[in-house]
Amino acid sequence: MKAFSWTRLKAVFLKEFVQMRRDRLTFAMMIGIPVLQLFLFGYAINTDPRRLPTVVEMRETGVFERSFLAGLKNSTFFEIVATTTRAEEGDAMLRGGEAAFLIVIPEGFERRLVRGERPQILLAADASDPVASGGAVNAVQQIAERALARDMAGPLARLAPGAPPFEVVVHRRYNPAGETAYNIVPGLLGVILTMTLVLITSIALAREGERGTLETLLATPVRPVEVMLGKTTPYILVGAVQVLIVVALARWLFDVPFLGSPLLFTIAITLFLFTNLMLGYLISTIARSQMQAMQMTFFIFLPSILLSGFMFPFSAMPGWAQAIGEALPLTHFLRMVREIMLKGAGIGDVWNDLAPLALILAVLSTLALLRYRRTLD
Amino acid sequence: MTSDDLVIDVRGLTKSFGALTAVDHVDLAVPRGAIYGFLGPNGSGKTTTIRLVCGLLRPDAGEGRVLGFDVIRESEEIKVRVGYMTQRFSLYEDLSIRENLAFIARLYDLDDADARVAAALDDLGLSARADQLAGKLSGGWKQRLALAACMIHDPELLLLDEPTAGVDPKARREFWDQIRRFADRGVTTLVSTHYMDEAVQCDSIAYIAYGKKILDAPTAQIPDKVGLHAYRLRGARVAEAQAALERDPGVVFATRFGADLHVVGKDEAAIARLAKAAAERIGATAEPVDAGLEEAFIGLMSGAADNAAPGAPR
C-alpha cells in the first residue's frame with residue numbers, strides 16, 4: 001500500500017472536475033456572482049457621495065449669500081433643492097429625508113458681516129448616516145472661506161481671513177481622487193473568492209455523505225490527503241477565472257490601477273485560493289449535512305466581511321476585533337492585494353501578510369487531515 | 001478446517017451506536033470460495049456486520065482476520081482486496097458508467113485501469129451504454145454497474161449487502177449466475193438477502209437477529225437444525241382455522257401458502273394432532289409436508305419481529 005499515489009489523486013481530481021462541469025447551475029453561479037457583486041459594489045456603493053439634496057432657509061438675497069450658495073453648488077457636494085423663508089419648512093424637509101442638509105442664513109447676515117460682527121451660518125446635517133454627510137461637512141468651512149474671499153475686496157479687505165503663518169500640504173497618495181472603487185474593487189476580489197470557494201468546498205464531503213457515495217469512497221484504499229487535494233484543486237481553476245474577470249472589469253470599468261508585479265499578485269492569489277479551499281474543506285470534515293455546512297460557512301462570512309477591513313477600517317476596530325481579524329485569511333489578502341494593485345508593493349512590503357496567510361493555510365490543512373474520518377463511525 | 005482456509009475469521013465482533021447494540025458478539029467463519037448467505041430481519045445488524053468486516057466501521061470489541069489481515073489494525077490492506085457493494089446505490093449518479101468504473105479502477109491504483117474498465121463493461125454487457133449517466137439507469141442496470149465496480153480490482157472477497165433489493169427476477173437470476181461464476185474462480189462471497197430463492201443458492205447461511213447470530217449452518221442442514229414440522233391443510237374453509245391455530249402454544253406459526261394453510265410446530269406428534277383436529281372441524285384435508293428453508297426462516301423470524309431501531313448511522 002503506497003502512502004500516496006498520483007493515480008488516486010488524479011482520479012479524485014478528474015471526478016470532481018467532471019462533476020463540477022456537469023453542475024451547470026453551480027458553475028454559472030460561480031461565474032455570475034463575481035460579475036454581479038462587482039457591478040453592485042463598484043457602481044452602487046460610494047462612500048463619498050456628491051450632490052446631496054440641500055434646503056436653504058433665508059429671508060434676503062444679497063451678494064454674499066449668492067456667492068456662498070454658488071460656492072456650495074460648485075463644490076459638487078451640495079445640490080440646492082429648495083429655498084424657503086420659513087424655519088419649520090426647512091426642519092420638516094430635513095426630518096422627512098427630502099434634504100440631507102439645511103443651511104440657515106440668518107436675517108441681516110450681509111449687514112452684520114460688513115460691520116465685522118462675525119455673523120453665523122448654520123449648517124444642519126442629517127448625520128444619522130455619518131458616512132454620507134461626513135465629506136460635505138468637512139468641506140463646508142473651506143467653501144465658505146473661498147466663496148466670500150472674492151467679495152472681501154476694497155474697503156472690506158480687512159474682513160478677509162488672514163493666511164495662517166504656515167501651510168499644510170496634503171497628498172492623497174495611491175488614490176488622489178479618493179475614489180471608493182479603488183478600495184472596494186480589490187477588496188471585493190477577496191470577498192468573492194471567500195464566498196464562493198469556501199461555500200463550494202464546505203459541502204464537498206457532506207454531499208458525498210448525503211448521496212451515499214462516501215461509503216464507496218471509504219471502502220476503497222484512497223488516502224485522506226488524496227481526497228483533500230483531489231477535491232479542492234479543481235476549484236483553483238474556478239478561482240482563477242473569477243480573478244481574471246474581476247481584475248479585467250476593475251481595469252476597464254472602474255479604471256482601478258494595477259501598479260504591482262503580476263507575479264507577486266499571482267503568488268498572493270494562489271496562496272489565498274488554497275487557504276479558502278482548505279477552510280471550506282475543513283468545514284466539510286465537520287459538517288454532517290450540506291445544510292450544516294452552509295450554516296457553518298456563514299459563520300466564516302460574517303466576520304470575514306465585517307472584521308477584515310473590507311467594510312470598515314481595520315485600524316478603527318477594538319483590539320479583540322483586530323485579533324479575530326488577524327486570524328482571517330481575508331484580512332491578510334485584502335492588505336496584500338491593495339498594496340500590490342494600488343501601491344505597487346514588492347515582496348518585502350507584503351511579506352508580513354504573506355507569511356501569516358501561509359501559516360493559516362498550514363494549520364487549516366493539518367486540521368482537515370486530522371478531522372477526516374476514515375470510517376463511517 | 002484450519003484457520004488458513006478461512007477468508008473471514010472473526011470472533012466476538014461488537015458494535016454499538018449510542019444505546020443500541022447493533023452487532024453483539026458475532027462470530028463468522030467463512031471458508032475460501034464459499035457463497036455465504038447472511039439473513040435476518042430488517043435492522044438486525046447485517047449491514048453493520050458487513051461494514052465491520054470491510055473496515056468501514058471500527059468494532060467496539062472483538063478480533064479476527066479477514067483474508068489473513070487483522071480486521072482492526074490492517075483494514076487498509078483488507079480494503080485493497082475486498083469488493084464491497086452497498087445496499088443503497090452508492091456510485092456517482094452524475095458520472096457516466098465508464099467514468100464511474102474508471103474512477104474506482106484508478107482509486108485501486110491499477111496499472112491497466114483502462115483495459116479493466118473495458119473488460120468490465122464487456123463482461124457485464126454495459127459497453128453499449130458506457131457513456132450514459134449512472135443516475136439515468138434502471139434499478140437492474142445500476143445493480144450491474146455496482147457489481148462491476150466492486151469487482152474491478154479482482155477482489156478475493158465480495159461483500160454484497162442486499163444486492164438484489166428491488167431488482168426483477170430475471171436480473172436477479174443473471175446476478176446469481178454471475179456470483180456463482182466468481183465463486184468457481186475462487187472468489188468468496190458474503191451476501192445478505194431477504195429472498196428465499198437466493199438463500200437456497202448459498203452454500204451456508206448465518207442468521208442474525210437483534211445483532212446476535214442465532215444460527216449458522218450449511219444451507220441443506222438448516223431445516224433440520226431449526227427442527228420444524230409442517231402440515232398442510234387444504235379445503236375451502238382453511239381461513240377459519242388460521243386464527244385459532246396461531247393462538248395455540250404448540251404452533252410456531254400458521255400461514256397461508258397460496259390457497260393452503262401451513263401449520264408449523266416443533267413437536268411432530270403435537271402438530272399432527274392439532275392439524276388433523278382443525279382439518280376435521282372445517283372439512284379440510286391435512287397432509288404432512290417437508291418443512292423447508294422458508295418455513296425455517298419464518299419460524300426464526302416469528303420469534304423476532306422487525307428490529308425497530310435503525311441498524312447503522314447515515
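The exercises below concern a predicted model and are each followed by a worked solution. Residues are numbered from 1 along each chain as its sequence is written, and chains are lettered from A in the order in which they are written. In this predicted model, local features need pLDDT of at least 70 and side-chain atom pairs count only at pLDDT 80 or more, while totals for chains, interfaces and linings use all residues.

**Exercise 1. Chain B as a whole**

Task: state how many helices and strands chain B has, and what percentage of its residues is buried.

Solution. Helices (H or I, at least four residues) and strands (E, at least two) are DSSP runs, numbered from the N terminus. Chain B has 11 helices and 14 strands. Next, a residue is buried if 20 or more other C-beta atoms lie within 10 Å of its own, exposed if 12 or fewer, and partly exposed in between, with C-beta atoms placed from the backbone. Of the 314 residues in chain B, 46% are buried. Along the principal axes, the C-alpha atoms of chain B fill a box of roughly 70 × 45 × 35 Å.

**Exercise 2. Helix α4 of chain B**

Task: find which residues of α4(B) are buried, and why they lie on the same side of the helix.

Solution. Helix α4(B) spans residues 113–123, and Ala113(B), Arg116(B), Val117(B) and Ala120(B) are buried in it. These residues lie on the same side of α4(B) because they cover an arc of only 100° around the axis, the arc being that of the directions from the helix axis to the C-beta atoms. An α-helix has 3.6 residues a turn, so residues three or four places apart point the same way. On the other side of α4(B), Ala115(B) and Asp122(B) are exposed. The cover over the buried residues includes α3 (97–107) and α5 (139–151) of chain B. Just after α4(B), Gly125(B) has a positive phi of about 65°.

**Exercise 3. Strand β3 of chain B**

Task: determine how many residues of β3(B) are buried, and which strands β3(B) is joined to by bridges.

Solution. Strand β3(B) covers residues 35–39, and 5 of its 5 residues are buried. In a regular strand the side chains alternate between the two faces of the sheet. Here Ile35(B), Gly37(B) and Leu39(B) are on one side, with Tyr36(B) and Phe38(B) on the other. For the pairing, two strands pair if DSSP finds at least two bridges between them. β3(B) is joined by 4 bridges to β8 (residues 188–192) of chain B, and the two run parallel; Tyr36(B) stands opposite Leu190(B) there. Another 4 bridges, also parallel, join β3(B) to β9 (residues 204–209) of chain B, where Tyr207(B) is the bridge partner of Leu39(B).

**Exercise 4. Tyr84(B) and the interface**

Task: explain why Tyr84(B) counts as buried, list its contacts, and describe the side of chain A that touches chain B.

Solution. Tyr84(B) is in strand β6 (residues 82–85) of chain B. Tyr84(B) counts as buried because it has 27 C-beta neighbours inside 10 Å. Two residues are in contact if their C-beta atoms, placed from the backbone, lie within 7 Å. Leaving aside neighbours within four places in sequence, Tyr84(B) is in contact with Ala219(A), Cys54(B), Cys150(B) and Leu159(B).

For the interface, 24 residues of chain A are in contact with 26 residues of chain B. On the chain A side, α1 (6–22) and α9 (213–219) each supply at least two residues, and α1(A) gives the largest share, 8 residues. By class, that side has 8 nonpolar, 9 polar and 7 charged residues, where Ala, Val, Leu, Ile, Met, Phe, Trp, Tyr, Cys and Pro count as nonpolar, Asp, Glu, Lys and Arg as charged, and the others, Gly among them, as polar.
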